[in-house]
Amino acid sequence: MFFRQLLNDETACASYLLGCATHRQFAVVDPHVDLVDDYIAVAQAQGVPIVAVLDTHVQADHVSGLPDLVARTGARAYLPADAGVEFDHHSLTDGEVVKLGNTEIRAISTPGHALAHHAYLITDHRRGDQPWLVLTGDALLVGDAGRPDLHAHAEDTVEEMARSLYGSLTEKLLALPDHLVLYPSHYSGSVCGRGLSATPVSTIGFERRHNPALQFASEDEFVRALLADIPPAPEGQAAIVRANRTGRPLAPVA
């Protein structure tokens with residue numbers, strides 16, 4: 001399996017280019033609009049086309065590079081079911097698999113940061129039939145859990161989102177083996193969490209033992225802590241979400 005983490009330090013976003021070089025199929029996960037040229041250049045250097053582009057959720061802090069990357073490569077777009085986007089894509093359901101030759105991407109529904117949010121469990125069948133790593137999006141970060149307020153609305157209150165996130169963490173992500181390598185979509189400097197590590201990689205086991213957001217004895221304690229001192233919303237959040245839902249560029253500020 002070919003795997004590269006690409007970082008955008010301006011927004012503290014991590015994204016991923018991965019796939020099977022043998023069968024010449026690459027995917028990009030959580031692409032950043034400013035790194036589209038980089039994904040294409042790295043893939044071209046390997047002589048492998050990008051055939052799939054996945055977002056873990058509709059981003060609220062930066063513009064996704066998914067529409068641009070799809071337009072330039074002809075790749076298929078994938079988002080969680082019920083993501084509410086207005087462009088052509090394949091809606092991934094919980095447990096659904098995207099196959100890229102020997103590389104397998106399995107969607108895990110992990111709502112809480114957003115109503116429609118997936119982590120992606122990665123298996124390299126050339127190495128073994130057990131998963132090797134997990135891309136956790138904004139659900140589980142290195143040193144924190146994702147904030148629950150950016151996509152809350154109506155009956156889906158911030159508290160309800162926090163409770164959903166607790167279930168996603170305890171029932172889905174922390175049910176994974178400790179040895180799994182964990183790659184988040186944000187690191188230190190992002191507004192999507194608090195106290196994030198500047199190291200954008202960990203393991204499930206290390207976070208289980210050392211992530212402060214995972215040390216609470218009950219759901220209520222977790223929720224109270226997650227709702228305390230939530231950072232300010234990202235600048236231009238509404239416009240960013242609108243761009244990511246429509247697949248159109250961010251409208252210029254008047």
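**Strand pairing and helix packing**

Q: Which residue of β8 stands opposite V98?
A: The model is predicted, so that local features need pLDDT of at least 70 and side-chain atom pairs count only at pLDDT 80 or more, whereas totals for chains, interfaces and linings use all residues. β7 and strand β8 (residues 103–109) pair in the antiparallel sense over four bridges, pairing being assigned if DSSP finds at least two bridges between two strands. Strands (E, at least two residues) and helices (H or I, at least four) are DSSP runs numbered from the N terminus. Opposite V98 stands, in β8, I105.

Q: Which strands stand at the edges of the open sheet that includes β9 and β10?
A: Six strands form this open sheet, with mixed pairing, in the order β7-β8-β9-β10-β13-β14. Each edge strand has a single partner strand, so one side of each is left without a neighbour in the sheet, and these strands are β7 (97–100) and β14 (202–203).

Q: By how many degrees are neighbouring strands of the sheet β1-β2-β3-β4-β5-β6 turned against each other on average?
A: This open sheet also has six strands and mixed pairing. Its edge strands are β1 (2–8) and β6 (90–92), each of which pairs on one side only. With direction ignored, the average turn between neighbouring strands is 25°.

Q: Which residue of β6 is the bridge partner of P80?
A: Strand β5 (residues 76–80) is largely enclosed by the rest of the structure, because four of its five residues are buried, that is, under 20% relative accessible area, where over 50% is exposed and in between is partly exposed (1.4 Å probe, protein chains only). With strand β4 (residues 50–54), β5 pairs in the parallel sense over three bridges, and L54 stands opposite Y78. β5 and β6 likewise pair in the parallel sense over three bridges. In β6, the bridge partner of P80 is L92.

Q: What angle does the direction of helix α2 make with that of β4?
A: Angles run from 0 to 180 degrees between N-to-C directions, with axes fitted as lines to C-alpha atoms, for helices over the stretch in contact. Helix α1 (residues 36–46) lies across β1, β2 (13–20), β3 (25–29) and β4, running at about 155° to β1. Helix α2 (residues 66–73) packs on the sheet and touches β3, β4 and β5, contact meaning heavy atoms within 4.5 Å. The direction of α2 makes with that of β4 an angle of about 165°.

Q: How far apart are the axes of helices α3 and α5?
A: Helix α3 (residues 158–172) and helix α5 (residues 219–227) pack at an angle of about 125°. They are therefore oblique to each other, given that angles under 35 degrees count as roughly parallel, over 145 as roughly antiparallel, 65 to 115 as roughly perpendicular and the rest as oblique. Among the residues that meet are L165 and L169 in α3 and F222 and L226 in α5. The distance between the two axes is 9 Å.

Q: What is the relative accessible area of R127?
A: Residues are numbered from 1 along each chain as its sequence is written, while side-chain values use heavy atoms, with hydrogens and water left out. R127 lies in the loop between β9 (118–124) and β10 (133–137). R127 and M1 are 126 residues apart in sequence and, C-alpha to C-alpha, 8.4 Å apart in space. R127 is exposed, its relative accessible area being 61%.
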